[in-house]
Amino acid sequence: MRVLLIEDDAALCEAVALHLKKEGYQTDICDNGEDAVYFIEKHTQDVIVLDRMLPGKDGLSILNDVRSRGITTPVIMVTAMNGINDRIDGLDGGADDYLVKPFAMDELLARIRALLRRPRNMKNTSLLTYRDITLDTSIYTLSKGDKEISLSKREGAFLEFLLLNKENIVTREQILNRVWGLNTFVEDGNIDNYISFLRRRLRALDTAVCIRTIHGIGYRLEYPCHA
């Protein structure tokens, strides 16, 4: 599960991120509103922890932006503003939960777990389909018809990102940020290795879906693959 933490207090951000990572969450960090909106648009998160008071663009403005674009990722708004009208403004603005500073880390973790348990809608959102292949993101199995292959966690996250952007080019930088996380040192060869792994998986399913290299830019899914 991936959590985006949007907080401009460096000490608090570091402490919260440390706890989240210990609990097994892949954690990305933004410290200002403008970068946050860009990151939310370009990447996929499971939960967003959003500070209300931020430089550049405040939390309510970020909420308005992302909700107006159809982004439904659950948001916990975190703020020192604890008046009843402040909480109402946050919830009416699109937040799914509201937590007042200072807060216990255990409470934040419990609220994240509660949001992750909520169904987004009635359909099975764990299934991503493109042409004749389907990826079950809950257990990372890739299938075509009655053929099924189990993927590693990294392979699954990589293919999930490609499927979410099917037929659109994703850059190597976007892949690194989404699959390995921001500010993580990864050798370029790791991406090439996982592309090779995934191409083998697709060939094993005997599908015409392929991962095409866009030289100097990145990759995209195609059907059928063009030279």
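A salt bridge here is a side-chain nitrogen of Lys or Arg within 4 Å of a carboxyl oxygen of Asp or Glu. Keep that cut-off in mind for this tour of a predicted model.

**Stop 1: the two domains.** Select residues 2-116 and colour them as domain 1, then give 127-222 another colour as domain 2. If you place a marker at the C-alpha centre of each domain, the two markers sit 28 Å apart. Now pick out the residues in contact: domain 1 brings nine and domain 2 brings 10.

**Stop 2: the buried area.** Turn on a surface for both domains. About 780 Å² is buried between domain 1 and domain 2, and carbon and sulfur atoms account for 45% of that area. Next, show Arg2, His43 and Thr44 as sticks. Together they supply 50% of what domain 1 buries against domain 2, more than any other three residues.

**Stop 3: polar links.** How many salt bridges are there between domain 1 and domain 2? With the cut-off from the start, the count is zero. Look instead for a polar contact, and you will find one residue pair between the domains, with both residues at pLDDT 80 or more.

**Stop 4: the domain 1 side.** Switch to cartoon view and select strand E2 (26-30) and helix H2 (33-42), the elements that give two or more residues to the side of domain 1 touching domain 2. Strand E2 gives the most, with three residues. To finish, colour this side of domain 1 by residue class: you should see two nonpolar, four polar and three charged residues.

Conventions. Residues are numbered from 1 along each chain as its sequence is written. This is a predicted model: local features need pLDDT of at least 70, side-chain atom pairs count only at pLDDT 80 or more; totals for chains, interfaces and linings use all residues. Side-chain values use heavy atoms; hydrogens and water are left out. Domain bounds come from an automatic or database domain assignment. Contact means heavy atoms within 4.5 Å. Buried area is the accessible area (1.4 Å probe) that two parts lose on being put together, summed over both. A polar contact is a pair of N or O atoms within 3.5 Å; within protein, one must be able to donate a hydrogen and the other to accept it, and residues adjacent in sequence count only if both atoms are side-chain atoms. Helices (H or I, at least four residues) and strands (E, at least two) are DSSP runs, numbered from the N terminus. Ala, Val, Leu, Ile, Met, Phe, Trp, Tyr, Cys and Pro count as nonpolar, Asp, Glu, Lys and Arg as charged, and the others, Gly among them, as polar.
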